[in-house]
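Here is a friendly note to read alongside the model. Take the points in order, and keep the 3D view open as you go.

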Amino acid sequence: METGKDAQQDTKLNVPNPAEIWEKDWGVQNPQFNKFTAMRIKQPPGAPEDSAVFDYIINMNNVFIDQAIKDKPRKVHEIRDRYKFGMTLITLAIIRHDLEARKRDVVADDNDDDKPKRPDVADTVAEVTSALAPFLLPLVDSLSRITGKVEALSAIAGEAA
């Protein structure tokens, strides 16, 4: 097992800072963004096809961010930061999962020529982040209210206790 500066750093996260795309620039994206687009990733020009290096692009006018801001206009920066950070972490998780699955596929591929090809990770990121967009901000808000205080069973169980 390696120690010190040569040790593997799997737990170290280099969280990328996604490029922010606003509604006025949706049309110049390829593919174009819309109000439901959340996060997209693209390999930078010249990157090897099997590389796990990506440019991150986030839609800062996603309909669910805009709705949250209308409900709490004084928290616009907090809402945008939570959304951006949350979507970035979700994207990193999808990429990491894909990398691990591809490693397993290489080992299992020796005898399985009929196995279907894995979906492109960029397509998976686009689909999953768009699917999670309506839930991300309410989830983060709910989690931020958890205090860690334990309530008496009788206070949370009603008359059944």
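1. Let us begin with the pocket lining. Helix α2 supplies the largest share of the lining of the second largest pocket, namely 4 residues. Please keep in mind throughout that this is a predicted model.

2. Now for the pocket itself. The second largest pocket has a volume of about 450 Å³. Of its 17 lining residues, Gln43, Glu49, Asp50, Arg102 and Asp120 are the closest to the centre. Two or more lining residues come from each of β2 (39-42), α2 (76-108) and α3 (121-144). What kinds of residues make up this lining? They divide into 7 nonpolar, 2 polar and 8 charged.

3. Next, step back to the overall layout. The protein has 4 helices and 3 strands, and from the N terminus on their order is β-β-β-α-α-α-α. The chain holds 161 residues, and 29% of them are buried. Its accessible surface comes to about 11800 Å², with 53% belonging to carbon and sulfur atoms.

4. How do distant parts of the sequence meet? Take the contacts between residues at least 6 apart in sequence: 63% of these join residues at least 24 apart.

5. A residue worth finding in your viewer is Asp98, which sits in helix α2. Is Asp98 buried or exposed? Asp98 has a relative accessible area of 7%, so it counts as buried, the limit for that word being under 20%. Setting aside neighbours within four places in sequence, Asp98 is in contact with Arg118, Pro119 and Val121.

6. Now turn to the salt bridges. Side chains of opposite charge can pair when their charged atoms come close. The structure holds 10 salt bridges. One of them joins Lys24 to Asp25, with the closest N and O atoms 3.0 Å apart. Lys24 is exposed, with a relative accessible area of 71%, whereas Asp25 is partly exposed at 25%.

7. A second pair lies within one helix. Glu100 and Lys103 form a salt bridge with an N to O distance of 3.6 Å. Why can you look for these two about one helical turn from each other? Because they are 3 residues apart in helix α2. Glu100 is partly exposed at 30% relative accessibility, while Lys103 is exposed at 53%.

8. A third pair reaches outside the helix. The side chains of Arg118 and Asp105 meet in a salt bridge (3.9 Å, N to O). Arg118 lies in the loop between α2 and α3 and Asp105 in helix α2, so this pair ties together parts that are 13 residues apart in sequence. Arg118 is partly exposed at 25% relative accessibility, but Asp105, at 15%, is buried. You have met Arg118 before: it is among the residues in contact with Asp98.

9. Finally, please look at a group of charged side chains. Which residues are linked in a network of salt bridges? They are Lys72, Glu78, Arg82, Asp141 and Arg145. Lys72 is placed in the loop between α1 (63-71) and α2, and at 40% relative accessibility it counts as partly exposed. Not counting residues up to four places away in sequence, Lys72 touches Ile79 and Asp141. Asp141 is thus a contact of Lys72 and also a member of the salt-bridge network.

Note on methods
Residues are numbered from 1 along each chain as its sequence is written. This is a predicted model: local features need pLDDT of at least 70, side-chain atom pairs count only at pLDDT 80 or more; totals for chains, interfaces and linings use all residues. Side-chain values use heavy atoms; hydrogens and water are left out. On a 1 Å grid over the protein atoms alone, a cavity is a set of points where a 1.4 Å probe fits but cannot get out, and a pocket is an open set with protein on both sides within 12 Å along at least five of seven lines; lining residues have an atom within 4 Å of a point. Grid points are joined across faces, edges and corners, and a volume is the space filled by probe spheres set on the points. Ala, Val, Leu, Ile, Met, Phe, Trp, Tyr, Cys and Pro count as nonpolar, Asp, Glu, Lys and Arg as charged, and the others, Gly among them, as polar. Buried means under 20% relative accessible area, exposed over 50%, partly exposed in between (1.4 Å probe, protein chains only). Contact means heavy atoms within 4.5 Å. Accessible areas come from the Shrake-Rupley method with a 1.4 Å probe; for residues, only the protein chains shown count as cover. A salt bridge is a side-chain nitrogen of Lys or Arg within 4 Å of a carboxyl oxygen of Asp or Glu.
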